[in-house]
Amino acid sequence: MSARTLENNAPHRAGFACFVGRPNAGKSTLTNALVGQKVAITSNRPQTTRHTVRGIVHREDAQLILVDTPGLHKPRTLLGERLNDVVRTTWAEVDVIGFCLPADQKLGPGDKFIIKELAGIKKTPKIAIITKTDLVNSKTLREQLLAVSRLGEELGFQWAEIIPVSAVKGDQVDLLADLIAPLLPESPPLYPEGDLTDEPEMVMVAELIREAALEGVRDELPHSIAVVVEEMLPREDRPADRPLLDIHANVYIERPSQKGIIIGPQGKRLKEVGTKSRKHIEALLGTPVFLDLHVKVAKDWQRDPKQLRKLGF
């Protein structure tokens, strides 16, 4: 416990907070901003997040473990159903729930559906977080704050806090952490100092490759992409001062016709995916990397239980 904590006689707090909301509500960007480093992949495509990624925020007075969930949505596939199950299971296990609503989008049926579900979770404190405030003027932001406040009242519950933030600009991100911390239970830190996530490295590497693959593809393709890292091995016979990590990964799509989109003319797009993701992987792992990517077809994997298990869902 820090000297400041002892001076104030304030107990240290530690616990779990999850961000929920419609797809593309800014949950992953907010998680990364609070942690101060990329621990969740982001994309302008909805339904990017497929795992609950824990980001860990270390403070003198508290440790915030942030659970970034997939966007709750009306499922069209078995994968969609399983992602929704992940969200609801997470809600039941956390100490604080943050509902994310973009400032530049009016409250819609999807938001109201989520808030109705939140209203049924009686004991867990809920914070309304208006994200992407850098995209709107003050009048629009005021209207959004009022709308989310009124909807809570209509459904018979009160938000513990309502706060506007811009994760991209860093506006009020620290204040959000200040508001979450007192709502956590008294506890010593749950993770060692310096840990920023509990995701296995192979999962994070696969996510960084998938993030790069998502950029620039047609609207119908993002949900069809999955990535599995088959192995990560140090290159043998390398001098100690020049290590190299060999990473072999497969990019899976659902139909043979999608293969050309990912690979691109003369393999140009796949090369760009490799170059972009390798930079992020080297920053994450702190070592030079040789990345070997292959594109494979897993027919209709989003609807096939056997394929979903193979791909880690």
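These are my notebook entries on what I looked up in this structure.

**Entry 1: overview**

I am working with a predicted model, so I keep that in mind throughout. I started with the inventory and found ten helices and nine strands in the protein. Next I checked burial: of the 313 residues, 48% count as buried. I also looked at how far apart in sequence the contacts reach. Among contacts with a separation of 6 or more, 71% join residues 24 or more positions apart.

**Entry 2: β3 and its partner β1**

I picked strand β3, residues 62-68, and asked how many of its residues are buried. The count came back as seven of seven, so I note the strand as mostly covered. Then I sorted its side chains by direction. A62, L64, L66 and D68 point one way, while Q63, I65 and V67 point the other way, and all of them are buried. My reminder to self: in a regular strand the side chains alternate between the two faces of the sheet.

For pairing, I found β3 alongside β1 in the parallel sense, over seven bridges. To fix the register I looked up one position, and A14 stands opposite Q63 in β3.

**Entry 3: the three-stranded sheet**

I moved on to an open sheet of three strands, ordered β7-β8-β9, with mixed pairing. Which strands stand at the edges? They are β7 (226-234) and β9 (289-297); each has a single partner strand, so one side of each has no neighbour in the sheet. From one strand to the next, the twist averages 15 degrees.

I then took a closer look at β7 with β8, residues 245-253. The two pair in the antiparallel sense over eight bridges. For the register here, V228 stands opposite N250 in β8.

Two helices turned up on this sheet. Helix α7, residues 201-214, lies across β7, β8 and β9 and runs at about 125 degrees to β7. Helix α8, residues 256-263, packs on the sheet too, touching β8 and β9, and its direction makes about 155 degrees with that of β9.

**Entry 4: helix against helix**

I looked up two helix pairs. A note on the description: two packed helices are described by the angle between their axes and the distance between the axes.

My first pair was α2 (residues 27-35) with α6 (residues 173-180). They pack at an angle of about 85 degrees, and their axes are 10 Å apart. That angle falls in the 65 to 115 range, and α2 and α6 are therefore roughly perpendicular to each other. Which residues make the contact? On α2 they are L30, A33 and L34, and on α6 they are V173, L176 and A177. I sorted these residues by type and got six nonpolar, no polar and no charged.

My second pair was α8 with α9. Here the angle is about 60 degrees and the axes are 5 Å apart, which makes α8 oblique to α9. From α8 the contact takes I261, I262 and I263, and from α9 it takes K268, R269 and L270. The split this time is four nonpolar, no polar and two charged.

**Entry 5: salt bridges**

I searched the whole structure and got eight salt bridges. I wrote up some of them below.

The side chains of D111 and R22 meet at 2.7 Å, N to O. What parts does this pair tie together? D111 lies in helix α4 (residues 109-119) and R22 in the loop between β1 (13-20) and α2, so the bridge joins parts that are 89 residues apart in sequence. Buried or exposed? D111 is buried, and so is R22.

E143 and K139 form a salt bridge at 2.8 Å, N to O. Both sit in helix α5 (residues 138-154), four residues apart, about one turn of the helix. I checked E143 for accessibility: at 39% relative accessibility, E143 counts as partly exposed.

R278 bridges to E282, with the closest N and O atoms 3.9 Å apart. Because the two are four residues apart in helix α9 (residues 268-285), about one helical turn separates them. R278 has 29% relative accessibility, so I list R278 as partly exposed. E282 has 27%, so E282 also goes down as partly exposed.

My last item was a network: R59, D61 and D178 are linked by salt bridges.

Key
Residues are numbered from 1 along each chain as its sequence is written. This is a predicted model: local features need pLDDT of at least 70, side-chain atom pairs count only at pLDDT 80 or more; totals for chains, interfaces and linings use all residues. Side-chain values use heavy atoms; hydrogens and water are left out. Axes are lines fitted to C-alpha atoms, for helices over the stretch in contact, and angles run from 0 to 180 degrees between N-to-C directions. Angles under 35 degrees count as roughly parallel, over 145 as roughly antiparallel, 65 to 115 as roughly perpendicular and the rest as oblique. Contact means heavy atoms within 4.5 Å. Ala, Val, Leu, Ile, Met, Phe, Trp, Tyr, Cys and Pro count as nonpolar, Asp, Glu, Lys and Arg as charged, and the others, Gly among them, as polar. Two strands pair if DSSP finds at least two bridges between them. A salt bridge is a side-chain nitrogen of Lys or Arg within 4 Å of a carboxyl oxygen of Asp or Glu. Buried means under 20% relative accessible area, exposed over 50%, partly exposed in between (1.4 Å probe, protein chains only).
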